[in-house]
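Me: Please examine the following protein chain with me, one question at a time.

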Amino acid sequence: MAILALATLFAAPALAHTVGGTAAGFTAGFMHPPSGLDHLLAMVCVGIWGAELGAPAIWLLPIAFPLIMALGGALGVVGVPLPAGELLVALSVVVCGILVAWARRLRLAAALAVIGVFAVAHGHAHGTELPGAADALAFTVGFVLATGLLHLAGIAIGVLARWPGGVVAIRACGVLVALAGCYFVLGHAAV
């Protein structure tokens, strides 16, 4: 009996109610994008690429991506299937890395279409990975906020292109990101 009483001193409370689920949902959602290397690399690259493209893409891409990603997240939460969704996430790392490495300039509509497809895939992955006990809205707010911050980090990195050494560093990072994406794609193909 004494052991049971001692054990209750170290037990954590069960957080199955809405307030607990909301906290867990937001925290889980906020931590999801930076904790997955594929998500982190693609989202930072969106910010870098937006900075490379200049106005208005510098703001439109990082604003559109989380909004479209939230739509993809909602589709994942309600169970709408996305064939090859994880492969699209892996391919987004390859493509975004290449776009940054080559400083590829596209028309704004084409750039938005590219990131839109990848945003749906990333959001869908977040939505399907939503823990059953978490609050879906809080989770979505968390991952959208974290994504926006990763895009801002990418914009800050993209500003390095104003200096010759910065351009070289950004191009090299783009190549490394694309190679990491190839690893993710190969890992997906092996499954």
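The questions below go from the overall fold to the core and then to single residues.

Reply: This is a predicted model, in which local features need pLDDT of at least 70, side-chain atom pairs count only at pLDDT 80 or more, and totals for chains, interfaces and linings use all residues. Residues are numbered from 1 along each chain as its sequence is written, and side-chain values use heavy atoms, with hydrogens and water left out.

Me: How many helices and strands does the chain have?

Reply: Helices (H or I, at least four residues) and strands (E, at least two) are DSSP runs, numbered from the N terminus. Along the sequence the pattern reads α-α-α-α-α-α-α-α. The chain therefore has eight helices and zero strands.

Me: What percentage of the residues in the chain is buried?

Reply: Buried means under 20% relative accessible area, exposed over 50%, and partly exposed in between, with a 1.4 Å probe and protein chains only. Of the 191 residues in the chain, the buried share is 42%.

Me: Which element gives the largest share of the largest nonpolar core?

Reply: A nonpolar core is a set of buried Ala, Val, Leu, Ile, Met, Phe, Trp, Tyr and Cys residues joined through side-chain atoms within 4.5 Å. The largest one has 33 residues, and Trp49, Leu61, Phe65 and Ile115 have the most contacts inside it. Two or more residues each come from α3 (37–53), α4 (57–77), α5 (85–102), α6, α7 and α8 (164–190). The largest share, nine residues, comes from α3.

Me: Which residues does Ile115 contact, leaving aside its neighbours within four places in sequence?

Reply: Contact means heavy atoms within 4.5 Å. With those neighbours left aside, Ile115 is in contact with Val46, Trp49, Leu61, Ala64 and Phe65.

Me: Is His151 buried or exposed?

Reply: His151 is placed in helix α7. Not counting residues up to four places away in sequence, His151 touches Met43, Val46, Gly47, Pro62, Phe65 and Pro66. Its relative accessible area is 0%, so His151 is buried.

Me: What is the geometry of the aromatic pair formed by Phe139 and Phe143?

Reply: Rings of Phe, Tyr and Trp (its six-membered ring) pair if their centres lie within 6.5 Å; planes under 30 degrees apart count as stacked, over 60 as edge-to-face and the rest as tilted. By this rule there are three aromatic pairs. With 5.7 Å centre to centre and 70 degrees between the planes, Phe139 and Phe143 are edge-to-face.
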